[in-house]
Amino acid sequence: MPKRTAKAALERLREGNQRFVSDIRSIESMTTKVRRSEVVDGQDPFAIILGCSDSRVPAEMVFDQGLGDLFVIRVAGNVVAPSQIGSVEFAAARYNTKLVVVLGHSQCGAILATLEELKRPSENQSPHLKSIVDRISPSLKTLMETDLKHDQHALVHQSVRANIRASCNQLRHGSQLLENLIENEGLVVVGAEYSLETGQVEFFDGLPE
């Protein structure tokens with residue numbers, strides 16, 4: 001059995017996304033009775049995906065993967081809170097998974113809501129929604145102080161990426177367990193953006209050499 005590496009997992013995701021973009025599905029990604037029975041007694045995910053809850057970005061479909069292939073955590077704005085860190089820790093330690101992908105996407109509703117809140121703070125906002133906005137806003141405030149504030153399209157695009165990078169950094173440095181796996185066991189955390197318009201995933205942060 002070949003050694004599991006982050007680089008190999010990343011290539012598998014890239015190949016799967018290319019199939020998705022080309023409207024091709026692999027036999028392995030099909031849900032069958034045989035495959036369901038194979039994963040009853042355990043799982044062996046080759047990648048961990050921390051993605052946005054947006055209904056248009058289901059990770060298994062975007063990467064053309066099947067049952068048992070991906071350990072997926074979804075939360076609005078792909079933000080990182082203790083429960084998300086714990087979920088990544090669980091999968092990385094339990095299943096020896098070497099790749100974590102923070103998957104954001106174009107025109108993210110949580111990003112748009114945060115930008116709106118920064119421009120015009122609302123009254124009586126739900127404290128639970130506020131907790132998401134509060135995790136996203138630090139990465140966006142700096143951008144809003146630049147010339148990007150005059151270009152809404154560019155501002156949203158750069159905000160999506162800034163939020164992805166922030167989540168990656170929180171995973172890399174917000175957990176002693178993950179830091180140890182990164183330092184000693186080959187765990188890699190990368191950032192990626194899914195384009196709603198094209199279906200393409202671009203990996204752009206923390207790529208393995």
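Accessible areas here come from the Shrake-Rupley method with a 1.4 Å probe, and for residues only the protein chains shown count as cover. This is a predicted model, where local features need pLDDT of at least 70, side-chain atom pairs count only at pLDDT 80 or more, and totals for chains, interfaces and linings use all residues. Residues are numbered from 1 along each chain as its sequence is written, and side-chain values use heavy atoms, leaving out hydrogens and water.

**View 1. The outer surface.** About 11,200 Å² of the protein is accessible, and carbon and sulfur atoms own 51% of that. Buried residues (under 20% relative accessible area, 1.4 Å probe, protein chains only) make up 45% of the 209 residues.

**View 2. Helices and strands.** You'll find 8 helices and 5 strands here; these are DSSP runs (helices H or I, at least four residues; strands E, at least two), numbered from the N terminus. In order, they go α-α-β-α-β-α-β-α-α-α-α-β-β.

**View 3. The largest nonpolar core.** A nonpolar core is a set of buried Ala, Val, Leu, Ile, Met, Phe, Trp, Tyr and Cys residues joined through side-chain atoms within 4.5 Å. The largest one has 36 residues, and Ile-48, Leu-171 and Leu-178 have the most contacts inside it. Helix H7 (152–173) is one of the elements that give two or more residues to this core, and its share, 7 residues, is the largest.

**View 4. Around Leu-178.** Skipping residues up to four places away in sequence, Leu-178 touches Ile-85, Val-88, Glu-89, Ala-92, Leu-171 and Leu-187. Contact means heavy atoms within 4.5 Å.

Methods: Buried means under 20% relative accessible area, exposed over 50%, partly exposed in between (1.4 Å probe, protein chains only).
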